Amino acid sequence: MEKLTYRLLFVLLLLAAMPARAQSFQFAFVTDTHVGSGTGAEDLQRTVADINANDSLAFVLVTGDVTEFGSDEELQQAKQLLGQLNKPWHIIAGNHDANWSESGANTFRKVFGAETFAFTYNGYLFAGTSSGPNMRMGPGQVPRENLVWLDSVLTHMPDAAMPVVYVNHYPQDSSLNNWYEALDLVKKRNVQLVLHGHGHNNRRFTYEGIPAVMGRSNLRAKDSTGGYNIVTIKDNQATFEVRRPVVQTQQQWLAVPLENHHFDQETRRYPRPSYAVNKVYPQVKVVWQYQDNSDVGAGTVANKKLVIATNTQGQVYALNQETGKPAWTYQTGGKIYSTPALANGYVVVGSSDHNIYCLKAASGKLVWKVPTAKAVLGAPLIQGKQVYIGGSDGHFRAISLKTGKVVWDFDQVQNFVVTRPLLYQGKVYFGSWGNDFYALDAATGKLAWKWNNGATNRMFSPAACYPVAANGRIFLVAPDRYMTALDATTGKEVWRRQMKDVRVRESMGLSADKALVYVKTMDGQLYGVSTAADSMQLAWQSDLQLPYELAPSALVESKGVVYVPSHSGLASAVSRKTGKVLWQHKVSNSLMNPVLPLGKGRVVVSTMDGKIACLEFGAE
């Protein structure tokens, strides 16, 4: 919060010293550079040289997907290239920088100093926010803390009539879960233009009456050279010229009028997410709801008195289970995407500040912490006296729960771990973002076997699902839409299948009787796959029908009810016996973490936009 205060003060000083809008000016609009992929670095180097040779450009906007995977190496390379610019430049992250980031999107702000920007030039305010999805596949989302920051910047503008140019990576429509929150904020001011990337093409849009422009990718793709846009603001108009370095061609393709639309006075209503489903199931009551000022990017755990959660401000905190009021908070030094584990009065969690923490569950007091070489995004598993957890430094560790001593350390993990491991028949199982799936001896940490899904693109890794086991088999799903059953002892494939009409991804779970592996499809259906059959046999199907669905959150069964989270803040409860939908409740329009059953007819739901709620639906 201290850094946020200083950044806001700096912005306010700039605003106070702003010149009146006067002469025309030009700037470079660069997006989707994808450093780390193909010709990304070379194309950006050409663009930097081209911009440096143009003295008429006042500054540069870089609007997301700066890198291919958001790795530390790619971000450092992008910074080295952009650091050669001889004029001011401002940068935000896109989904490629955040969704596959080994640092939990922490390195981006370390390397570039921030993940937002706000500055004035010739009487215009330029404000940019980053967008995910952050570490979890789903629609894009402006981080909750970015929205809080944007609200502060706009609220403290000394001149409410100043024209605003809002910058984000995503189109400002339903492809961004919380598009309406960002638009509602900027529409309180004189927003005149939106700039974004993501689509890799030069295109003109209008979002709720706001003129918008998508910029082309800087990648050359199938061309001989990449390119960017030169934007000229003059006489209440923004003109766009596509610029191609090396061949040095430049052509105007668009002119957009800039005017005050007086959105602050508008009475028109634009589509907003519907919460009508909550009226269909009035038996579901909200016992309490807590709103965090940052993202809640991981699941929750609970004991008899407390619900324990984490956020992307780096906090581990406890809420009173009956009231939802904060009980204690522990601050780490980096964003947290690790779902905590709770056992024997201890809470264990990983942080992107390169540490694994153990806290006392009752007080939040630090018991021990284990340093690592990189971020720890994997969820811990506590079994008996040991903690099992994977990190981003190529290591998977077993740690004494009581002392924090590392019992063993497997140091051969390719790429990084985000999943919660599975302990089964004396082995620890987990996947990584290197296309590999591992089985380690739980007592020694020695590699028992390793399986690779054969994909050439690591985006298809079996990394995000929580694997499950039954009948001597390990089950997993991945973004390649295959479901796989492996022999738990040998790692050999029992079966592996991609079904055309059952498009599985990372969301799965095990039935209480271990007869079924629940899988949620991209088409919003819920199936049960037999754990005993010698092929992918659909042995159960529910009546649930969601829209297009991407949330990778695990499915949970408790006392005959299957809980299904969605990427649009909707929790669904399905009868294990009949497959019928028992109830649904929407708490947000953001990606939902795994549902936490509390017993006695209550569950806790949490969503990526910082909402945590306790729902009551009657006795189970």
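A salt bridge here is a side-chain nitrogen of Lys or Arg within 4 Å of a carboxyl oxygen of Asp or Glu. Please keep in mind that this is a predicted model, where local features need pLDDT of at least 70, side-chain atom pairs count only at pLDDT 80 or more, and totals for chains, interfaces and linings use all residues. Residues are numbered from 1 along each chain as its sequence is written, and side-chain values use heavy atoms, leaving out hydrogens and water.

Let us start with Glu 557. This residue is buried (under 20% relative accessible area, with exposed over 50% and partly exposed in between; 1.4 Å probe, protein chains only), yet Glu 557 has no salt bridge. Its nearest side chain of opposite charge (Lys and Arg count as positive, Asp and Glu as negative; His and the chain ends are not counted) is Arg 576, 4.1 Å away. The side chain of Glu 557 does reach the backbone nitrogen of Ala 512 at 3.0 Å.

Which salt bridges occur elsewhere? The whole structure has 24, including these:

| Pair | Closest N to O distance |
|---|---|
| Glu 42 and Arg 46 | 3.2 Å |
| Arg 272 and Glu 208 | 2.6 Å |
| Arg 602 and Glu 616 | 2.9 Å |

As for exposure, Glu 208 counts as buried at 11% relative accessibility, whereas Arg 272 is partly exposed at 26%. In the third pair, Arg 602 is buried at 17% and Glu 616 partly exposed at 29%. Finally, salt bridges that share partners link Asp 184, Lys 187, Glu 208, Glu 266 and Arg 272 into one network.

Methods: Polar contact = N/O pair within 3.5 Å; in protein donor to acceptor, adjacent residues only side chain to side chain.
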